[in-house]
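Hi,

Here is the structure I promised to pass on. Have a look at it first, and then read my notes below.

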Amino acid sequence: MRFTRMRTAQATAAVLVAVPLAFGGLASPSQAQGASPSPSGTFGSGCSALSQKANTAKDKVVEAAAAYPQLSQLVSALVRARLNGTLDGKPAITVFAPNAQAFQKVTTSQLSSLLSNEGQLKKVLTYHVVDKQITPSELSNGSFTTVEGGKLTTSGSGSNFKVNGKASIVCGNIKAANATIYVIDSVLQPPS
């Protein structure tokens, strides 16, 4: 009986170590000990919900985002606004990518209005893009100018960050060939 409990405890410990490693190294020993103030790899509670492709680091940003079903509405909006070529052509960007839950927070009439106005759609989508690759260490107290021209702020610590004080980064530091992607749970609105 004692031998069975010991084997069960060992198996449980192995699973607790293996599961985070299977999700792209969501937890590392240095993070677990609190030695690193910012994550160095992919981080966030929403990463497992993305059902991520093995490696998006060689794909341009729109193709990389298309590998994640949770970002399909964003990809459709980028294509509709004819921004896919523009974003894929930029050498180093950061995209704060609204996930499916973010789009569910937008009312049907607001979304319909936005999708029918290409100029406004481009404005909203380019507000989610910064013309430089932002590292996790820059998120704790960041202020960035977006491609749209407005300011966007980030705050937080460890692996808990907010954008503009309201959108949470649910999965961060996803690599694409020309971009870093931070998946957020709200659609951001540019300042008027």
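How much space lies in the largest cavity? About 50 Å³. Keep in mind throughout that this is a predicted model.

First, the overall picture. The protein chain has 192 residues, of which 41% count as buried. Its secondary structure comes to eight helices and seven strands. Of the contacts between residues at least 6 apart in sequence, 62% join residues at least 24 apart.

Now back to the cavities. I get two of 30 Å³ or more. The lining of the largest cavity is made up of Val-61, Val-62, Ala-65, Leu-74, Leu-78, Leu-87, Val-95, Ala-97 and Ile-181. By class that is nine nonpolar residues, with no polar and no charged ones. Helix 3 (61-66), helix 4 (72-80) and strand 1 (93-98) each supply at least two of the lining residues, and helix 3 gives the most, with three.

The second largest cavity holds about 40 Å³ of space. Around this second cavity you'll find Leu-74, Leu-78, Leu-87, Val-95, Leu-125, His-128 and Val-129. The class split here is six nonpolar, one polar and no charged. If you flip between the two linings, you'll see Leu-74, Leu-78, Leu-87 and Val-95 in both.

Two residues from that second lining are worth a click.

Start with His-128, which sits in the loop between helix 8 (118-126) and strand 2 (129-130). Is His-128 buried or exposed? His-128 counts as buried because its relative accessibility is 3%, and the cut-off is under 20%. Its side chain reaches the backbone nitrogen of Leu-188 at 2.9 Å. Leaving out residues up to four places away in sequence, His-128 touches Thr-94, Val-95, Phe-96 and Pro-98, and also Ile-184, Ser-186, Val-187 and Leu-188. So Leu-188 turns up twice for His-128, in the list of residues touched and as the owner of that backbone nitrogen.

Then there is Leu-125, found in helix 8. Leu-125 is buried too, with a relative accessible area of 6%. Apart from neighbours within four places in sequence, Leu-125 is in contact with Leu-74, Ala-77, Leu-78, Ala-81 and Leu-83. Of these, Leu-74 and Leu-78 also line the second largest cavity along with Leu-125. Between the C-alpha atoms of Leu-125 and Ala-97 there are 9.0 Å, and the two residues are 28 apart along the chain.

Last stop, the hairpins. Strand 3 (residues 141-145) and strand 4 (residues 151-157) run antiparallel and are joined by five bridges. One of the pairings puts Gly-142 opposite Thr-154 in strand 4. The two strands form a hairpin with five residues between them, and Gly-149 in the turn has a positive phi of about 115°.

Strand 4 then pairs with strand 5 (residues 160-163), again antiparallel, through four bridges. Here Gly-156 has Phe-161 as its bridge partner in strand 5. This hairpin has two residues between its strands, and Gly-158 in the turn has a positive phi of about 65°.

That's the tour; over to you.

Cheers

Note on methods:
Residues are numbered from 1 along each chain as its sequence is written. This is a predicted model: local features need pLDDT of at least 70, side-chain atom pairs count only at pLDDT 80 or more; totals for chains, interfaces and linings use all residues. Side-chain values use heavy atoms; hydrogens and water are left out. Buried means under 20% relative accessible area, exposed over 50%, partly exposed in between (1.4 Å probe, protein chains only). A polar contact is a pair of N or O atoms within 3.5 Å; within protein, one must be able to donate a hydrogen and the other to accept it, and residues adjacent in sequence count only if both atoms are side-chain atoms. Contact means heavy atoms within 4.5 Å. Two strands pair if DSSP finds at least two bridges between them. On a 1 Å grid over the protein atoms alone, a cavity is a set of points where a 1.4 Å probe fits but cannot get out, and a pocket is an open set with protein on both sides within 12 Å along at least five of seven lines; lining residues have an atom within 4 Å of a point. Grid points are joined across faces, edges and corners, and a volume is the space filled by probe spheres set on the points. Ala, Val, Leu, Ile, Met, Phe, Trp, Tyr, Cys and Pro count as nonpolar, Asp, Glu, Lys and Arg as charged, and the others, Gly among them, as polar.
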